[in-house]
Amino acid sequence: MTNRITTIDVTRGLVMVIMALDHVRDLLHISAMDGDPTNLTTTTAPLFLTRWITHLCAPTFVFLSGTSVYLSLQKRGKAGQSITEGRRFLLKRGLVLILLELTIINFAFWFDFSFKSLMLQVIWAIGGGLVMLSFLSRLSVRQVGGIGLGILILHNLLFLLPPITDNAGQFLFALFFRTQFFSISPNFALLVGYPLIPWLGVMMVGYAIGPLFEKPLAERKRRLALIGAGALGLFVLLRFINLYGDQAPWSVQKTELFTFLSFINVSKYPPSLLYCLLMLGIALLILSLADGISNTLTRILTVYGSVPMFYYILHWYMVHLLMLAMAFLQGFTLADIPDGPFTFGRPKGSGVSLELVYAVWFGLVVALYPLCQWYGRYKAAHPEKGWLRYI
């Protein structure tokens with residue numbers, strides 16, 4: 001079991017390190033407030049790829065949450081403990097994650113005590129997924145996996161439905177199916193960034209992969225690699241046909257490089273079928289490659305991956321503080337901090353180059369290492385502290 005859990009922590013740690021790059025870019029890059037870095041008419045290749053590589057993070061994180069649920073429930077069953085109690089814990093942990101998203105995490109985004117802005121992001125999706133999986137885990141693994149695959153394959157069909165005109169209907173539909181921004185008033189706005197059902201599909205597929213981690217190492221590595229390669233092969237085929245699986249078809253661009261970027265420019269909001277095939281295919285190959293490997297890099301990544309919620313919350317506060325430090329160092333004052341929904345409190349005209357974004361990101365990840373190491377040891381040394389199981 002040690003190798004299996006380490007493999008998950010290594011992969012999760014890798015994507016968490018990459019995730020920090022996206023958030024540093026979001027808050028510090030000079031052009032981050034000007035538009036979409038994957039817009040091929042305005043972006044550059046380095047900027048596009050800086051954003052694109054971070055697409056790997058959320059689906060891997062959600063997928064491995066599902067895998068961890070399966071392994072946790074199996075571990076309880078083999079130890080003679082109550083699986084029902086395990087499902088109750090999933091329900092409670094999911095609700096705690098949703099509460100954290102609405103409070104501590106959203107405050108980290110904005111540093112705004114009046115909460116003029118609210119984003120429902122990946123922790124919201126994971127929390128909601130755990131709540132639903134606490135009930136769905138009563139089904140067989142095959143049934144959970146089948147439903148999850150059905151969601152991933154079919155949810156793109158929802159874009160064929162006529163638009164909902166009723167405000168309440170739009171909101172409910174967005175919560176479960178589609179990314180949407182709601183400007184409620186001049187002083188409050190809401191973004192449903194991660195609708196629950198598509199991401200639940202990712203979590204359920206991760207849950208269904210769980211039994212592979214009970215196989216012998218060689219077989220596990222081989223099957224993870226085969227499934228990952230198959231997902232990538234199916235992505236290439238469907239993307240080339242260009243008929244179904246993503247709401248943004250690819251097209252020939254001004255150069256061969258940009259044509260390739262168009263081909264891999266899949267839709268995350270909500271996660272399209274092709275997005276899931278590409279990103280989860282890569283994640284499965286990483287899992288296969290990392291499985292059973294122990295070296296300096298995997299040990300470092302395990303430190304991050306073993307305390308994901310602690311890392312996630314702490315890194316957002318640190319990134320936001322770095323953004324404010326950047327603004328003040330560039331000559332801005334508190335009077336320049338904008339006050340309104342979805343501003344991050346970043347003064348207009350502030351920002352640094354992409355090269356400096358990478359430097360800050362590297363420094364941030366290094367600074368987080370000893371803190372994550374300390375927390376991991378503290379958590380392991382105090383199993384009697386029940387609240388540590390939630391963070």
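A residue counts as buried when its relative accessible area is under 20%, as exposed when that area is over 50%, and as partly exposed in between. These classes are applied below to a predicted model.

**Overall form**

The protein is built from 14 helices and 3 strands. Its radius of gyration is 21 Å, close to the 21 Å that the globule rule gives for 391 residues, so the protein is as compact as a globular protein of that length. The C-alpha trace spans about 60 × 50 × 45 Å along its principal axes. Of the 391 residues, 51% are buried. Among contacts between residues at least 6 apart in sequence, 73% join residues at least 24 apart. The protein exposes about 17700 Å², and carbon and sulfur atoms supply 68% of this area.

**Charges and salt bridges**

The protein carries 30 positive and 18 negative charges, whose mean positions lie 12 Å apart. Side chains of opposite charge can pair when their charged atoms come close. The count of salt bridges comes to 10. Three of them, including two from helix 1, are listed here.

| Salt bridge | Closest N to O distance |
|---|---|
| Arg12 and Asp9 | 2.7 Å |
| Asp22 and Arg25 | 2.9 Å |
| Glu214 and Lys78 | 3.2 Å |

Arg12 and Asp9 are 3 residues apart in helix 1 (residues 2-28), which means that about one helical turn separates them. Arg12 has a relative accessibility of 11%, so this residue counts as buried. Asp9 is buried as well, because its relative accessible area is 8%.

Asp22 and Arg25 also lie in helix 1, 3 residues apart, or about one turn of the helix. Both Asp22 and Arg25 are buried.

The salt bridge of Glu214 with Lys78, at 3.2 Å between the closest N and O atoms, links distant parts of the chain, 136 residues apart. Glu214 sits in the loop between helix 8 (196-209) and helix 9 (217-241), whereas Lys78 belongs to helix 3 (residues 57-78). Glu214 counts as partly exposed because its relative accessibility is 30%. Lys78, at 62% relative accessibility, counts as exposed.

Some salt bridges share partners: Asp22, Arg25, Asp26 and Arg51 are joined in this way into one network.

Key: Residues numbered from 1 in each chain as written. Predicted model: local features only at pLDDT ≥ 70, side-chain atom pairs only at ≥ 80, totals over all residues. Heavy atoms only, no water. Salt bridge = Lys/Arg side-chain N within 4 Å of Asp/Glu carboxyl O. Helix = DSSP H or I, 4+ residues; strand = E, 2+ residues; numbered from the N terminus. Buried < 20%, exposed > 50% of the residue type's maximum accessible area, 1.4 Å probe, protein only. Rg over C-alpha atoms; globule rule 2.2 N^0.38 Å. Contact = heavy atoms within 4.5 Å. Areas by Shrake-Rupley, 256 points an atom, 1.4 Å probe, with all protein chains shown as cover. Lys, Arg positive; Asp, Glu negative; His and termini not counted. Charge placed at Lys NZ, Arg CZ, Asp CG, Glu CD.
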